[in-house]
Amino acid sequence: MGKRSTPEVDSGSMADIAFLLLIFFLVTTTMEQDNGIMRKLPAWEEIPDTERVVIRQKNIFTVVVNKNDQMLVEDELMELKDLRKAAMNFIDNGGGVNAEGKKCDYCNGSKDPASSDHPSKAIISLKNERETSYSAYVAIQNELGAAYTELRNREAVRLYGAGNTYTVMNTIFKDPKVKDISLKVKLEQRLNKLKKMYPQIISEAESKSN
Amino acid sequence: MGKFKKKKDGELPQASTAALPDIVFMLLFFFMTVTVMKDKSLLVENKLPAADDIEKLNRKNDRVMYIYAGKPVKGYEKYGTEAVLQLNDKIAHPSDLKQFIHSEIALRDQEIIPFMVTALKVDRDANMGLVSDIKLALRKENMLKINYLSVKPSKR
């Protein structure tokens, strides 16, 4: 008996099916990524500490935002665009010594004795009201964070050469696609060193209601 | 005479479409892998504030817990015109946060809980009062890592 040859399946419509699927995924895809400002909240204490650590006024940089989103920095009205510079000047001042009695040898500030002693002692205090808008709050948090990032970037370039900024190293370190363990260990050491040089100390008071 | 027919001058051979499905499949697989299915429908307005000193947050990471806030969208006016919270698929009150955080913790493995990040997707027109309530609830539950989600400013 002669073999009957099976007819070949027509594959011409395969492209159409693939197109259909493609269009479905094209439509449902959201490419955007979540980006945001990372902060750490202070731990909650049931009974607030009665023993207050005394912090000298010169080591505190106060930022107050009112309900009309106006900003008072060190008791003076300030525009948002000037905040980053002012915060950097305050953190980088290095007028005195840190807790171990060492001077800040990497600071580029004016060494003003009336401003902060050392980056590890410089505290930024941020106060807002309940009526303050969220966009203003985030904009201020952004400027304060950027002040620290800029200082860390400057030191990173000085210590590790051009291109090795804090931002770049942090992005590589946080990237889950980078699998090189020795590189990550090296980056972590560098990042921790930079974080220790300019620790981010932003203190937020509970927002007042009127 | 000859075995080979001579091509007529000026006639182009038909382009083969056999590789078309391959190309389309390649694109298809690309989009299939990058797709993140939307799993929550937003009941609140969500225009994020602008900031440029920002870090990436991996969406497929199960360490991230989302809290939404903003004005109710059209069709949900019964919740008022002021900014409200959205937890999962429901409009909620700040007093529901405690339960929400506990349920989110229960969903995850014990060992990743200290690394959990709370992503705040809050509308730029919301006021800080609501955000302060969220922050207070998070502090009480010891969820201290927080991320204010924002977008890069379009200008500059």
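**Note on the predicted two-chain model**

1. Just past helix α3(B), B:Asn142 adopts a positive phi of about 60°. The model is a predicted one.

2. The helix that precedes B:Asn142, α3 of chain B, covers residues 128-140. Its 13 residues should span 18 Å at 1.5 Å a residue, and the end C-alpha atoms are 18 Å apart, so the two values agree. Its buried residues are B:Met128, B:Leu130, B:Val131, B:Ser132, B:Lys135, B:Ala137 and B:Leu138.

3. α3(B) lies across four strands of chain B, namely β2, β3, β5 (117-122) and β6 (145-149). Relative to β5(B), the helix runs at about 170°.

4. Those strands belong to an open sheet of 7 strands with mixed pairing, in the order β1(B)-β1(A)-β6(B)-β5(B)-β2(B)-β3(B)-β4(B). The edges are β1 and β4 (90-92) of chain B; each has a single partner strand, so one side of each has no neighbour in the sheet. From one strand to the next, the twist averages 40°.

5. Within chain B, β2 (residues 64-70) pairs with β3 (residues 84-87) in the antiparallel sense over 3 bridges. B:Tyr68 has B:Gln86 of β3(B) as its bridge partner.

6. Between the chains, β1(A) and β1(B) (residues 55-57) are antiparallel, with 3 bridges. Here A:Asp34 is bridged to B:Leu57 of β1(B).

7. At the interface, 43 residues of chain A are in contact with 45 residues of chain B. On the chain A side, α1 (14-28), β1 (34-40) and α3 (134-160) each supply at least two residues, and α3(A) gives the most, with 10 residues. That side of chain A divides into 21 nonpolar, 15 polar and 7 charged residues.

Note on methods. Residues are numbered from 1 along each chain as its sequence is written. Chains are lettered from A and ligands numbered from 1 in the order in which they are written. This is a predicted model: local features need pLDDT of at least 70, side-chain atom pairs count only at pLDDT 80 or more; totals for chains, interfaces and linings use all residues. Two residues are in contact if their C-beta atoms, placed from the backbone, lie within 7 Å. Ala, Val, Leu, Ile, Met, Phe, Trp, Tyr, Cys and Pro count as nonpolar, Asp, Glu, Lys and Arg as charged, and the others, Gly among them, as polar. Two strands pair if DSSP finds at least two bridges between them. The expected span of a helix is 1.5 Å times one less than its number of residues. A residue is buried if 20 or more other C-beta atoms lie within 10 Å of its own, exposed if 12 or fewer, and partly exposed in between; C-beta atoms are placed from the backbone. Axes are lines fitted to C-alpha atoms, for helices over the stretch in contact, and angles run from 0 to 180 degrees between N-to-C directions.
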